[in-house]
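Colleague: I should be grateful for a close look at one part of this model, a single strand and the elements packed around it. Please then place that part in the context of the whole chain.

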Amino acid sequence: MTQETSDYKLCIIVGERSAERAPQNERTEMYIPATKDYIGALEKSGLTASDTKTKTLVELKEKSLEALTMYAALCGLASRTLDCEVHGVLCRFVNIPQSADSVPARDQSNPPEDILIVGSAPGVGMNFAQMLETENMVRIHNAKKVVLTGEFIANPSISGEEFLALVQNMMLIASIRQKPSASRYPSLHVSTTHDVADLTKIQQGDTSLLLDLEAIRKEGGKIRRSSRTDDRTELMSPVDLTMRQRVLMEAAEVNIEETLVKLHSYRNQDTGLWRCSRPQNHRNGDANPSSHVDDNKVRCYKCDLEPLDPLRLVMETLNISPDDAATWLLSTK
Ligand SMILES: [Zn+2]
């Protein structure tokens with residue numbers, strides 16, 4: 001964490017929680033996993049748009065498409081492009097008001113492109129510096145759709161520097177394409193192979209190789225709208241909501257095995273597996289325990305699509321809200 005990031009009041013860390021992290025003064029930190037189910041993770045986090053009204057930093061600790069997806073969704077929730085930290089570097093969103101307005105946008109000799117591919121890959125070349133050239137800024141601003149190619153192509157183990165470059169490119173495009181009324185994020189070209197023919201397909205409108213960050217941003221925005229109708233959100237101040245998050249986070253960190261015992265589950269001493277806390281879902285009441293505990297999460301292979309932390313486990317087992325589950329977990333230990 002650099003010195004200049006010290007004035008952020010809320011820091012949302014995307015990635016796995018780490019225990020050895022030094023706490024920052026006067027700053028709320030919350031972890032959110034990088035996952036394909038970004039909507040589920042956002043809803044579970046308890047984070048609301050009110051929370052992000054404060055000076056907010058997103059730290060992309062994990063370097064993955066899922067982390068970038070979560071970032072776009074968080075920006076949608078906050079309804080602005082949040083500053084972020086990647087690989088120890090602070091990336092700020094800058095408004096570039098002069099981008100296209102200084103040049104006639106409806107120049108007949110230069111009609112807006114339907115799909116403009118930028119980034120660095122074989123067959124395309126528009127790097128960060130080139131995007132800042134006036135002519136290219138106009139193209140990027142006016143294009144109906146911008147696709148960013150490069151770092152994630154055939155590159156499953158992306159490095160910190162490469163991920164930083166990708167985020168910087170994405171934020172620059174978002175800055176250039178920003179309209180007074182709306183953000184417009186690029187789509188990301190993702191592929192496991194390095195095939196020049198991909199670019200032709202994309203130009204022809206094939207979206208199968210694209211991750212639409214703008215669509216993800218809008219999905220994040222839907223949570224913002226739906227949370228407005230949430231009574232608790234309406235009645236609580238942002239400070240209280242932060243306290244609520246803390247309670248939810250604390251509840252999610254209760255020991256999973258103690259939680260299982262409290263839910264009348266038990267461990268099979270021979271196999272080390274736990275009886276499902278929802279035996280009614282099993283034909284034989286899970287007589288031969290089959291739930292697996294790992295990393296303070298439990299997963300029943302019949303009931304759960306993914307491992308559940310204590311909070312989720314209690315919500316699913318007792319069929320209660322996150323807040324009620326937290327109360328249940330943190331009382332009468
Ligand atoms: Zn089960």
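Modeller: The account below begins with the reliability of the model, turns to strand S8 and its surroundings, and then moves outward to other parts of the chain.

The structure is a predicted model. Its protein chain has a mean pLDDT of 84, and 86% of the residues reach 70 or more. Confidence is highest in helix H11, at 95, and lowest in helix H9 (residues 231-235), where the mean is 42. Over residues 228-236 the pLDDT stays under 50, and the model has six contacts beyond four places in sequence for this stretch. Where pLDDT is low, the predicted coordinates should not be read in detail. The protein chain contains 13 helices and 12 strands. Of its 333 residues, 37% are buried. Among contacts in the protein chain with a separation of 6 or more, 66% are between residues 24 or more positions apart.

Strand S8, residues 145-149, belongs to an open sheet of five strands with the order S7-S6-S8-S9-S10 and mixed pairing. The edges of this sheet are strand S7 (124-126) and strand S10 (210-212), each of which pairs on one side only. On average, neighbouring strands of the sheet are turned by 40° against each other, direction ignored.

In that order S8 stands between S6 and S9. With S6 it pairs in the parallel sense over five bridges, and one bridge links glycine 119 to threonine 149 in S8. With strand S9 (residues 187-189), S8 also pairs in the parallel sense, here over two bridges. On this side valine 147 stands opposite serine 187 in S9.

The burial of S8 can be followed residue by residue. Lys145, Val147 and Thr149 point one way from the strand, Val146 and Leu148 point the other way, and all are buried. In a regular strand the side chains alternate between the two faces of the sheet. Because five of the five residues of S8 are buried, the strand is largely enclosed by the rest of the structure.

A helix also packs here: helix H6 (residues 160-177) lies across strand S6 (115-121) and S8, and runs at about 165° to S8. H6 in turn packs with helix H5 (residues 134-142) at an angle of about 80°, the two axes being 8 Å apart. H5 is therefore roughly perpendicular to H6. The contact between these helices involves Met137, Ile140 and His141 of H5, together with Ile173, Ile176 and Arg177 of H6.

The chain holds another open sheet of five strands, in the order S2-S1-S3-S4-S5 and again with mixed pairing. Strand S2 (28-32) and strand S5 (89-91) are its edge strands, each pairing on one side only. Here neighbouring strands are turned by 25° against each other on average, direction ignored. Strand S1 (residues 10-14) and strand S3 (residues 56-60) run parallel and are joined by five bridges, with valine 14 opposite leucine 60 in S3. Helix H2 packs on this sheet, touching S1, S2, S3 and strand S4 (83-86), and its direction makes about 170° with that of S3.

Methionine 70 shows this packing at the level of one residue. It is found in H2, which spans residues 65-78. Since 28 other C-beta atoms lie within 10 Å, methionine 70 is buried. Apart from neighbours within four places in sequence, methionine 70 is in contact with Val14, Ile32, Ala34 and Tyr38. Leucine 42, 28 residues from methionine 70 in sequence, is 8.3 Å from it in space, C-alpha to C-alpha.

Two helices further along the chain complete the account. Lysine 262 is placed in helix H11, residues 256-262. With 18 other C-beta atoms within 10 Å, lysine 262 is partly exposed, because the buried class requires 20 or more. Lysine 262 and valine 314 are 52 residues apart in sequence and 9.8 Å apart in space, C-alpha to C-alpha. In helix H13 (residues 322-330), the buried residues are Pro322, Ala325, Ala326, Trp328 and Leu329. Seen down the axis of H13, these buried residues fall within an arc of 160°, so they line one face of the helix. An α-helix has 3.6 residues a turn, so residues three or four places apart point the same way.

Key: Residues are numbered from 1 along each chain as its sequence is written. Helices (H or I, at least four residues) and strands (E, at least two) are DSSP runs, numbered from the N terminus. A residue is buried if 20 or more other C-beta atoms lie within 10 Å of its own, exposed if 12 or fewer, and partly exposed in between; C-beta atoms are placed from the backbone. Two residues are in contact if their C-beta atoms, placed from the backbone, lie within 7 Å. Two strands pair if DSSP finds at least two bridges between them. Axes are lines fitted to C-alpha atoms, for helices over the stretch in contact, and angles run from 0 to 180 degrees between N-to-C directions. The arc is that of the directions from the helix axis to the C-beta atoms. pLDDT is the predictor's confidence in each residue, from 0 to 100. Angles under 35 degrees count as roughly parallel, over 145 as roughly antiparallel, 65 to 115 as roughly perpendicular and the rest as oblique.
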